[in-house]
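Please open the model in your viewer and keep the selection tool at hand. We will walk from one stop to the next, with a short note on what to select and what is there.

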Amino acid sequence: MMVSTSNMQALQKKPWVSDQGDGTFINPVLHADYSDPDVIRVGEDFYMTASSFGHLPGLPILHSKDLINWKLINHVLPRMDLPGYEVPQHGNGVWAPALRFHDGRYWVFYGDPDVGIFMSTTEDPAGEWTPLHLVQEGKGLIDPCPFWDDDGQAYLVHAFAKSRCGIKHLLRLCRMSPDGMRLLDEGEIIYDGTEHHPTMEGPKMYKRNGYYYIFTPAGGVSTGWQTVLRSTSVFGPYEDKIVLHQGNSPVNGPHQGGWVELESGESWFMHFQDKGPYGRIAHLQPVRWVDDWPLMGSDTDGDGIGEPVLRYPKPNVGGEYRVEVPDDSDEFEGSRLGLQWQWQANPNPLWYSLDRDSYLRLFSFPVPENQPSKSLYYAPHLLMQKFPAEVFQAEAKLDFMTLKPGERAGLIIFGRKFAYTAVQMKADGSGVDIIQAAGTDAEENVVWSGELAEGSVTLRVTVHAGAKCRFHYIAGNGPLLPCGNIEFQAEKGHWVGAKLGVFAAASPSNDDERGYVDIDWFRVKKGTI
């Protein structure tokens, strides 16, 4: 069955759609930074989670009926109830989660490299998850994955972060209480990848045909490969095999993800590709089993190791489902922010309001006093989302006359370096400038400015191939004008891709009665290469 014409037409304006409408899909399935993905099947439904680091809400939950068309339905963490998350925690927080369904419940485990291994569970993945439970305290314990065996025994396998504990390349397996609340012993090192599989991490444990399998990436995020370990005993010894690598394909470092088996008998593997400023984008590979080893993708050169496919028939899930992509645009018509939005720290209700019908109101706040610099790099109140495609445009319409002297509000591209275009009320309140600025963690500077007379403005950023960005603006109903014809090269953040969003900011000297900006809409559409 082909996808309906009306459905496809509705998605033609989206910057990236994997489902081709003819029974095939193209990779990546999600051209967005769903880093370290894990995926499960529960009946006819598929669920996926990914790393979220210090961005909140965190630990996304996505749903699909066919592994191709995904909808963001929830976050496990509406906020992080740990010290320090009132300000940005770049690169910290939620690393490489594992998602499982066991005993009628959904489970997420993840490692915080500075704290330990956490767990949350629920009966409804789209509903409320239990508060985080610390399963095991310890620095450097990362990438945990639970496993419940046929005999009722439970285990947990994890890797180590050298930056926190000095250990690398090793996987440890521990016995775990069946309720997932604690580890029962110190465990055993079940594999040392130092010689053949350096930077071994991200283990996911399964059982099939009497074998215990650990799917584990190695070689580093941008240059690595997917290794599979196999044993007839849970504690090993394990033999190893590389089952997916770049080979002659254009997909670098294909590894780290989750395996699912369909009711039809097909097997599939969801993994990421590190694409620099675009983040770690999600690919899907067919899997066939040869002598009880998985072979992923397509072995185009006959070396016994799979390479990523770029286009392939969709998974056989027994039906055809609606073409869908995660939301990006937002008309701000509801009582809650769209799930695509994340803050740089724990959400603060003082930062925003949706009380004005069909508008998002952002209040102007300064960078907190205790931060290393006054650069927006350390601002917790930036509201941002993932890049949705390689090329795209994003626009936001702002009503800005309620800003106070010295305050600014605009559209931002954010990473280790960032740039934005914004409206800024002059320090003496005599008028408004339109500016483009660029910054790092140490400073930010205005690189272009002009005067603005209208009370509303539409800000646009166009992201071209290679994440090269240009900003434009429309004053009132006037023409589209460039912000100085200055190109900005987007850069990735700390373990994440570049982000896109909106903000309102003030200088530290502003009083507590803050100005604000009203954003009528935020729209993302196809761009030009």
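**Stop 1: the second largest cavity.** The lining here has 4 nonpolar, 7 polar and 1 charged residues by class. (Ala, Val, Leu, Ile, Met, Phe, Trp, Tyr, Cys and Pro count as nonpolar, Asp, Glu, Lys and Arg as charged, and the others, Gly among them, as polar.) To see this lining, select His55, His90, Gly91, Tyr377, Phe414, Gly415, Gly493, His494, Val496, Gly497, Ala498 and Lys499. The volume they surround is about 70 Å³.

Before you move on, some notes on the model. It is a predicted one, in which local features need pLDDT of at least 70 and side-chain atom pairs count only at pLDDT 80 or more, while totals for chains, interfaces and linings use all residues. Residues are numbered from 1 along each chain as its sequence is written, and side-chain values use heavy atoms, with hydrogens and water left out.

A cavity is a set of points, on a 1 Å grid over the protein atoms alone, where a 1.4 Å probe fits but cannot get out; a pocket is an open set with protein on both sides within 12 Å along at least five of seven lines, and lining residues have an atom within 4 Å of a point. Grid points are joined across faces, edges and corners, and a volume is the space filled by probe spheres set on the points.

**Stop 2: the largest cavity.** Select Ala32, Tyr34, Pro326, Asp327 and Pro388, which lie nearest its centre among 27 lining residues. The space in this cavity is about 320 Å³. Its lining has 15 nonpolar, 7 polar and 5 charged residues. Strands E5 and E25 (383-386) each give at least two residues to that lining; strands (E, at least two residues) are DSSP runs, numbered from the N terminus. Across the whole structure, the search finds 4 cavities of 30 Å³ or more.

**Stop 3: the largest pocket.** Which residues lie nearest the centre of the largest pocket? Select Pro57, His75, Leu77, Pro78 and Arg79 to find out, out of 28 that line it. The pocket has a volume of about 730 Å³, and E5 (residues 70-77) supplies the largest share of its lining, 4 residues.

**Stop 4: from Arg79 to its partner.** Keep Arg79 and add Glu86: their side chains meet in a salt bridge at 3.6 Å, N to O. (A salt bridge is a side-chain nitrogen of Lys or Arg within 4 Å of a carboxyl oxygen of Asp or Glu.) Glu86 is partly exposed at 48% relative accessibility, and Arg79 is partly exposed at 34%. Here buried means under 20% relative accessible area, exposed over 50%, and partly exposed in between (1.4 Å probe, protein chains only).

Now select Lys426 and Asp433, another salt bridge, with the closest N and O atoms 2.9 Å apart. Is Asp433 buried or exposed? Asp433 is buried, with a relative accessible area of 16%.

**Stop 5: a hairpin.** Select strands E20 (residues 280-290) and E21 (residues 293-296), which pair in the antiparallel sense over 4 bridges; strands pair if DSSP finds at least two bridges between them. Val287 has Met296 of E21 as its bridge partner. From E21, Trp293 and Leu295 point one way, Pro294 and Met296 the other, and all are buried. Finish at Asp291, which takes a positive phi near 55 degrees in this hairpin, where 2 residues lie between the strands.
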